[in-house]
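This report describes the strand arrangement and the charged side-chain pairs of the structure shown below.

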Amino acid sequence: MMKITAGLGCIDDYKTLVKAGADEVFCGYVPYEWNEKYGNLFPLNRREVLYYNIQISSLEDMKILKRMVDVYKVPVSITFNYLYYLEEQYEMIAKIIKDLIDIGFNEFIIADIALILYLKEKNIKCSIHLSGECAELNRLSIDFFNKLNISRYIFHRKNSIEDMKSCINNNKMKNLEYEAFILNERCHYTGAFCNSLHCDEMIHLCKMPYQLSKVSEYADKFQEVDRRLELYYRELDNKYNEEIYMKNQCYAGNEEEMEDSYVLGKTGCGLCSLKELKKAGVTHLKVVGRGNSIENMERDVRNLKKAIDMLEYIEDSKSYEKVVKDKLVHRKCSGECYY
């Protein structure tokens with residue numbers, strides 16, 4: 001059975017995700033001493049956000065989360081998946097990881113190979129999930145990463161199902177786990193080659209309007225760029241006002257209208273490809289959700305659980321795709337297909 005791993009932005013949401021059907025949870029942890037020294041321009045995990053629930057920011061909260069894990073038996077992995085760190089930062093990161101190990105966490109999502117080697121050099125023993133931000137591209141890269149004692153490979157967003165199948169089938173190391181993106185935050189960039197920030201102060205680069213063309217054809221079109229940016233921010237304001245209106249409708253008792261605004265996999269969806277992902281050997285499915293509303297995350301996990309259950313009694317991929325669209329997507333297909 002394929003397992004669901006869901007993103008957590010606040011410890012209060014752990015119980016909700018577990019009850020919805022998540023088999024694992026992942027979260028970011030950025031202690032105060034890191035923000036005090038480096039701010040959000042040197043992120044620990046590619047989420048440079050301070051003003052809404054996307055990180056856990058105190059060791060005491062992590063201790064509470066560990067007690068919840070002890071009760072509900074659904075493990076939590078912690079992300080340290082920035083692409084690289086300053087040399088002076090490795091010592092602090094190692095201390096943060098040791099603090100987390102001391103309270104009972106042992107699984108970490110890491111993208112920086114130098115950090116993995118540093119932990120090995122310092123004899124800090126833990127289970128490492130190689131982040132998709134590292135961009136394991138093919139079987140040759142997998143052969144190289146096998147030397148680092150990786151327990152799970154997280155395929156990045158741009159891996160096709162054939163790529164994943166080739167990597168898994170040609171991997172000489174057996175009994176490893178493989179994770180693929182399945183819902184939310186589809187992106188046209190490959191994380192390993194993206195150096196943009198995801199912060200409060202600026203719009204994410206991946207959400208900026210753009211057009212592909214030759215530079216010579218675009219040199220005199222800066223007015224058009226300005227016009228598109230103005231249109232983009234106007235649409236953003238309209239979307240924000242619409243969300244506030246829908247929340248007010250919900251508070252007024254019109255929950256049904258609020259429910260109708262939900263679109264499964266609105267920003268990225270791979271549900272129709274579950275059958276092929278399972279055949280390829282993928283064992284875990286990532287529901288991206290740090291910073292997403294917990295109401296939407298709960299629905300995402302429940303719907304993914306239903307989709308996984310359907311795998312057991314539908315043989316061919318085309319029939320499975322039709323059933324998923326009929327029973328889960330209905331007429332609200334986002335069109336944002338991962339695969």
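At 44% relative accessibility, Arg-234 falls in the partly exposed class, a point to be read with the caution that the model is predicted. The side chain of Arg-234 forms a salt bridge with Glu-230, and the closest N and O atoms of this pair are 3.3 Å apart. Both residues belong to helix H9 (residues 222-251), where a spacing of 4 residues separates them by about one helical turn.

Helix H4 (residues 89-102) holds a pair with such a spacing as well, since Asp-99 and Lys-95 lie 4 residues apart there, about one turn of the helix. Their side chains meet in a salt bridge at 3.0 Å, N to O. Asp-99 is partly exposed, its relative accessible area being 22%, and Lys-95, at 48%, is likewise counted as partly exposed.

A third pair links strands instead of positions within a helix: the side chains of Glu-179 and Arg-152 meet in a salt bridge at 2.8 Å, N to O. Because Glu-179 is in strand E7 and Arg-152 in strand E6, this pair ties together parts that are 27 residues apart in sequence. Glu-179 is buried, with a relative accessible area of 2%, and Arg-152 is buried too, with a value of 1%. Side chains of opposite charge can pair when their charged atoms come close.

The three pairs are set out below.

| Salt bridge | N to O distance |
|---|---|
| Arg-234 and Glu-230 | 3.3 Å |
| Asp-99 and Lys-95 | 3.0 Å |
| Glu-179 and Arg-152 | 2.8 Å |

A search of the whole structure finds 17 salt bridges. Beyond the single pairs, Glu-179 and Arg-152 also take part in a network of salt bridges that links them with Glu-24, Glu-177 and Lys-286.

The two strands that carry Glu-179 and Arg-152 are themselves paired, as strand E6 (residues 150-154) and strand E7 (residues 177-183) run in the parallel sense over 3 bridges. Within this pairing, Tyr-153 stands opposite Tyr-178 in E7. Strands of a sheet pair through backbone hydrogen bonds, either parallel or antiparallel.

Taken as a whole, 8 strands close into a barrel in the order E1-E2-E3-E4-E5-E6-E7-E8, with parallel pairing, and the twist from one strand to the next averages 30°. Helix H3 (residues 59-72) lies across strand E1 (3-8), strand E2 (24-28) and strand E3 (76-80), and runs at about 145° to E3.

Technical notes: Residues are numbered from 1 along each chain as its sequence is written. This is a predicted model: local features need pLDDT of at least 70, side-chain atom pairs count only at pLDDT 80 or more; totals for chains, interfaces and linings use all residues. Side-chain values use heavy atoms; hydrogens and water are left out. Two strands pair if DSSP finds at least two bridges between them. Axes are lines fitted to C-alpha atoms, for helices over the stretch in contact, and angles run from 0 to 180 degrees between N-to-C directions. Contact means heavy atoms within 4.5 Å. A salt bridge is a side-chain nitrogen of Lys or Arg within 4 Å of a carboxyl oxygen of Asp or Glu. Buried means under 20% relative accessible area, exposed over 50%, partly exposed in between (1.4 Å probe, protein chains only).
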